[in-house]
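Here are some short exercises to work through with the model open beside you. Try each task before reading its solution.

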Amino acid sequence: MTGVICGTGACVPERILDNNEIAEFVDTSDQWIRERTGVEQRRIARKETTVSMAAEAGRQAVKEAGISPEDIDMIITATATPDQIFPCAACEVQKELGAVRAVCFDMNAACSGFLFAYQTAQAYIASGICRNILITGSERLSRIVDWKDRGTCILFGDGAGAALIRAKEGKQYLPFACSDGTGGAALTCPGHAGDQKTTSHISMDGREVFQFAVRRVPEAVREVLKKNDLKTEDIDWFVLHQANRRIVEAAAKRLKTEIEKFPMNLQKYGNTSSASIPILLNELNRSGKLKKGQKLILAGFGAGLSWGASVLEWGI
């Protein structure tokens, strides 16, 4: 058995924060941000929460899959910004959806979170433990951004995406995933460490993270292709974590593949961490660009440092 995506969903906050508005409180400009990142605007949660966005995205995915919430065996929520430590976000999503049979847990792998959740779901399905798994990636990064730090506040946004994965007969594709804890200092958010008076913010060595991503993403893609005896020409879409336009363009160039196979929506949402891949997947799905039987590669990369890739055949 293999897991096939049978439904997708997404939810982003109503509030739009564009580059010109950011330029009102930090030393930057719309042109500066666009040239260096490709980001034009991002969504900022006000009334929305990590759970409410994940639940809405999940609701859409379940509806498209044509199953009832009671049919869900497992819910995995990838997030680095839960609303609370516990109960976990996935349990709260279960409550909102009425998925009374699902076992639930969260996964924090930052920007690689959704990819690793997808790989975990595939393992549960391949083993025969589960048949229907809902995975969501949901983030409120605006809570941990230092809005005085030009190097990070221009990048991040809030949102959620989801995919319903169902067990079906079909080819199993081997995944690739890797981590390097020695590079973790390049991208951190230390937490309160017991001191509730301390404010925690994202801290990033932009140059180091950029070089890491440009090097590791093509390596991950080549490795997963090799594992599955495939070539770049066999892949219809490369769905990468939406961190920076220049990273995506560099990956396409190093893989010697046309940029048209690398869809991007980071200009609208910024970097939404674990939510970026499922939000993009949902847009591609709902727009009709994805055709049944097409081969996709999902590739995630980020804090940890962690990175990886998976091959899938589109099943909707």
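## Exercise 1: A serine in a helix

Serine 276 is part of helix H10. This is a predicted model, so let us keep an eye on confidence later on.

**Task.** Decide whether serine 276 is buried or exposed, and find its contacts beyond four places in sequence.

**Solution.** Begin with the accessibility: serine 276 has a relative value of 2%. Buried means under 20%, so serine 276 counts as buried. Next, look for partners outside the neighbours within four places in sequence: serine 276 is in contact with His241 and Gln242. Now widen the view to helix H10, residues 276–286, where nine of the eleven residues are buried. Among them are Ser276, Ile277, Pro278 and Asn285. Finally, step past the helix: H10 is followed by glycine 288, with a positive phi near 85 degrees.

## Exercise 2: Two helices that cross

**Task.** Describe how the axes of helix H7 (residues 206–227) and helix H8 (residues 245–254) are arranged.

**Solution.** First take the distance and angle: the two axes come within 9 Å and cross at roughly 40 degrees. That angle makes H7 oblique to H8, because the roughly parallel class holds angles under 35 degrees. The handedness of the H7 and H8 crossing is right-handed. Then list who meets whom: Phe210, Ala213, Val214, Arg215, Val217, Pro218 and Arg222 of H7 meet Arg246, Ile247, Ala250, Ala251 and Arg254 of H8. Sorted by class, this contact has eight nonpolar, no polar and four charged residues.

## Exercise 3: Backbone angles worth a look

Most residues other than glycine have a negative phi, and most peptide bonds are trans.

**Task.** Where do alanine 110 and aspartate 229 lie, and is each buried or exposed?

**Solution.** Start with alanine 110, a residue other than glycine whose phi is positive, near 50 degrees. Alanine 110 sits in the loop between strand E5 (103–107) and helix H5 (113–126). With a relative accessible area of 13%, alanine 110 is buried. Move on to aspartate 229, where phi is also positive, near 55 degrees. Aspartate 229 is in the loop between H7 and strand E11 (237–240). Its relative accessible area is 72%, so aspartate 229 is exposed.

**Task.** Which peptide bond near proline 87 is cis, and which joins glycine 304 to its partner?

**Solution.** The bond from phenylalanine 86 to proline 87 is cis, with omega near 5 degrees. Proline 87 belongs to the loop between E4 and helix H4 (89–97). The other cis bond joins glycine 304 and leucine 305, with omega about -10 degrees. Leucine 305 is in the loop between strand E12 (295–302) and strand E13 (306–313).

## Exercise 4: A buried isoleucine

**Task.** Place isoleucine 154 and name the residues it touches.

**Solution.** Isoleucine 154 lies in the loop between helix H6 (150–153) and strand E7 (159–168). At 2% relative accessibility, isoleucine 154 is buried. Not counting residues up to four places away in sequence, isoleucine 154 touches Ile22, Trp32, Ile33, Thr37, Val39 and Arg42.

## Exercise 5: Checking confidence

**Task.** Where does pLDDT stay under 50?

**Solution.** Take the whole chain to begin with: the mean pLDDT is 96, and 97% of the residues reach 70 or more. Then find the exception: pLDDT stays under 50 over residues 193–197, and the model has zero contacts for them beyond four places in sequence. Where pLDDT is low, the predicted coordinates should not be read in detail.

Conventions:
Residues numbered from 1 in each chain as written. Predicted model: local features only at pLDDT ≥ 70, side-chain atom pairs only at ≥ 80, totals over all residues. Heavy atoms only, no water. Helix = DSSP H or I, 4+ residues; strand = E, 2+ residues; numbered from the N terminus. Buried < 20%, exposed > 50% of the residue type's maximum accessible area, 1.4 Å probe, protein only. Contact = heavy atoms within 4.5 Å. pLDDT = per-residue confidence, 0-100. Axes fitted to C-alpha atoms, helices over the stretch in contact; angles between N-to-C directions. Parallel < 35°, antiparallel > 145°, perpendicular 65-115°, else oblique. Left-handed = near helix turned anticlockwise from the far one by under 90°. Nonpolar A, V, L, I, M, F, W, Y, C, P; charged D, E, K, R; others polar.
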